[in-house]
Amino acid sequence: MIDPRRALPSVHWLLEQEEMVPLVRDLGREVVVAAARTVLNQIRDGGASSSGADHQAVACLVVAELRGERPHLRPVINATGILLHTGLGRAPLGPWVWESILSLGKGYSNLEFDLESGERSERGAAVAELLREITGAEAAAIVNNNAGATLLTLRALAAGREVIVSRGQLVEIGGSYRLPDVFLASGAKLVEVGTTNKTRLKDYERAIGPATAALLRVHTSNYQVVGFTEEVSIAEMAELAAALGVLCIDDIGSGALTPDLPPGLRGEPSIQASFQGGAKLVLASGDKLLGGPQCGLILGEARLISTIKADPMMRALRVDKLTLCALEAVLRLVRSPSLARSRIMLWRLLGTERAELRARARSILEQLGARLGLSATVVETEAQIGGGSVPSQRLPSVGIQLECAGGGPLGSEAGLAKALRTGPVPVVPRVHDGHVWLDLKAVFEYEDKEIVHALDRLFPIPGDWSDLRED
Ligand SMILES: *Cc1c(COP(=O)(O)O)cnc(C)c1O
């Protein structure tokens, strides 16, 4: 009788298996080779649950060996149809911006060093210059996120004084950000005016007194007040503020630069429009519609920005070199509109047409062919921007609708969705109305083949029983 241990798979064969590809990518070849050797040695010593004759089972042992090694934070495929999905990291940076980060991050950089003079320089000054050029702001400060921008601005300019906000604009963004709590932390006093559905200029006017530091407008980015409503425009607020000698601050949230950047959005406030309306300071997120890294932008009058930068909290909220590098790369792309549309990943995703998505969905299904237990169709869907931006705008998209049939773990929506999420390359689908959808609006073209792999892994080809995998 032949000892089955002599028929062990080779390390080379193991590394070529499909389930190893993402592991090699995430962990590096050496780590996977080491795990493969460990498992093969365990089998030779008789200390493994496999005899080694079933090569596929050995590959599974290697995967199990590496499971503890996998970084917790890893890439996923966003098939939810929500472009700025906070749970999935908001704006994807894409390969072009990523390349800048890669070359800067691997070594030293001139983060706070002037190469001409050899002197120390100010962090972020060059990025602030780009922001000035693009938005027309006099000056800019860059912090960790928009929550930080709001906190720092209120603290530096209004601690111990009053800031007036409409009751219709006391926003909560994703649970941990509630405007009244940010006020408490800043030391500025929140003065609410108007009602949930109606706030008039007179309401602000009556509330302004000697203790007033500013009027703050907050964009209701993740909800809409509809029906019997009234709001005061930023231009009216700015005019009143100027007349009575207080500041007008606009938290626009999502960070559209101008009304047509990114292209194709409707009704979203923009940094440019805010300044045109007369706001003295504009606050925005870097990882929403701008499509950049997580950061907060504070833009406006130079003297106000200087006061903000002088606050000790600035040091606590400032951004690191990788963030600045990514932001600079995005802003450089913004300056050439044709590049921006294709290379700022979020803008590229926003611009993909339904016809293109439909062709990709069909191609995915063609590559799969008939599968046992899988019934999939190409359907038209409506994707969303998400991330607390433009709640009402739906984006035409296409998805693959998967029907759950039969028993077993893949027979329910929850079971199928979990199987997709926990595969070698996690695919996060949308589960709605008894269906599981893979919406392609936020899927990069190069990820289509991973979707094919994920479905291929779960659903065998009819008649090909040898391919039935145990997982
Ligand atoms: C998103 C948002 C915030 C919070 O921004 P983060 O960058 O997530 O901290 C604050 N205000 C408004 C209006 C927003 O839309």
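Biologist: How many disulfides does a search of the whole structure find?

Modeller: This is a predicted model. A disulfide is a covalent bond between the sulfur atoms of two cysteines. For Cys295, the nearest cysteine sulfur is that of Cys325, 12 Å away, whereas a disulfide requires sulfur atoms within 2.5 Å. Over the whole structure, the number of disulfides found is zero.

Biologist: Is Cys295 buried or exposed?

Modeller: A residue counts as buried when its relative accessible area is under 20%. The value for Cys295 is 0%, so Cys295 is classed as buried.

Biologist: Which class of accessibility does Cys60 have?

Modeller: The partly exposed class lies between the limits of 20% and 50% relative accessible area. Cys60 has a relative accessibility of 42%, and therefore counts as partly exposed.

Biologist: What area is buried between domain 1 and domain 2?

Modeller: The domain assignment places domain 1 at 4-69 and domain 2 at 77-86 + 353-470. Four residues of domain 1 and seven residues of domain 2 take part in the contact. Carbon and sulfur atoms give 53% of the buried area, which is about 430 Å².

Biologist: Which three residues supply 75% of the area that domain 1 buries against domain 2?

Modeller: The side of domain 1 that touches domain 2 has one nonpolar, no polar and three charged residues. No other three residues supply more of the area that domain 1 buries there than Glu18, Pro22 and Arg25.

Biologist: How many salt bridges does the rule find across the interface of domain 1 and domain 2?

Modeller: Between these two domains, the count of residue pairs in polar contact is zero. For salt bridges across the interface of domain 1 and domain 2, the number found is likewise zero.

Note on methods: Residues are numbered from 1 along each chain as its sequence is written. This is a predicted model: local features need pLDDT of at least 70, side-chain atom pairs count only at pLDDT 80 or more; totals for chains, interfaces and linings use all residues. Side-chain values use heavy atoms; hydrogens and water are left out. Domain bounds come from an automatic or database domain assignment. Contact means heavy atoms within 4.5 Å. Buried area is the accessible area (1.4 Å probe) that two parts lose on being put together, summed over both. A salt bridge is a side-chain nitrogen of Lys or Arg within 4 Å of a carboxyl oxygen of Asp or Glu. A polar contact is a pair of N or O atoms within 3.5 Å; within protein, one must be able to donate a hydrogen and the other to accept it, and residues adjacent in sequence count only if both atoms are side-chain atoms. Ala, Val, Leu, Ile, Met, Phe, Trp, Tyr, Cys and Pro count as nonpolar, Asp, Glu, Lys and Arg as charged, and the others, Gly among them, as polar. Buried means under 20% relative accessible area, exposed over 50%, partly exposed in between (1.4 Å probe, protein chains only).
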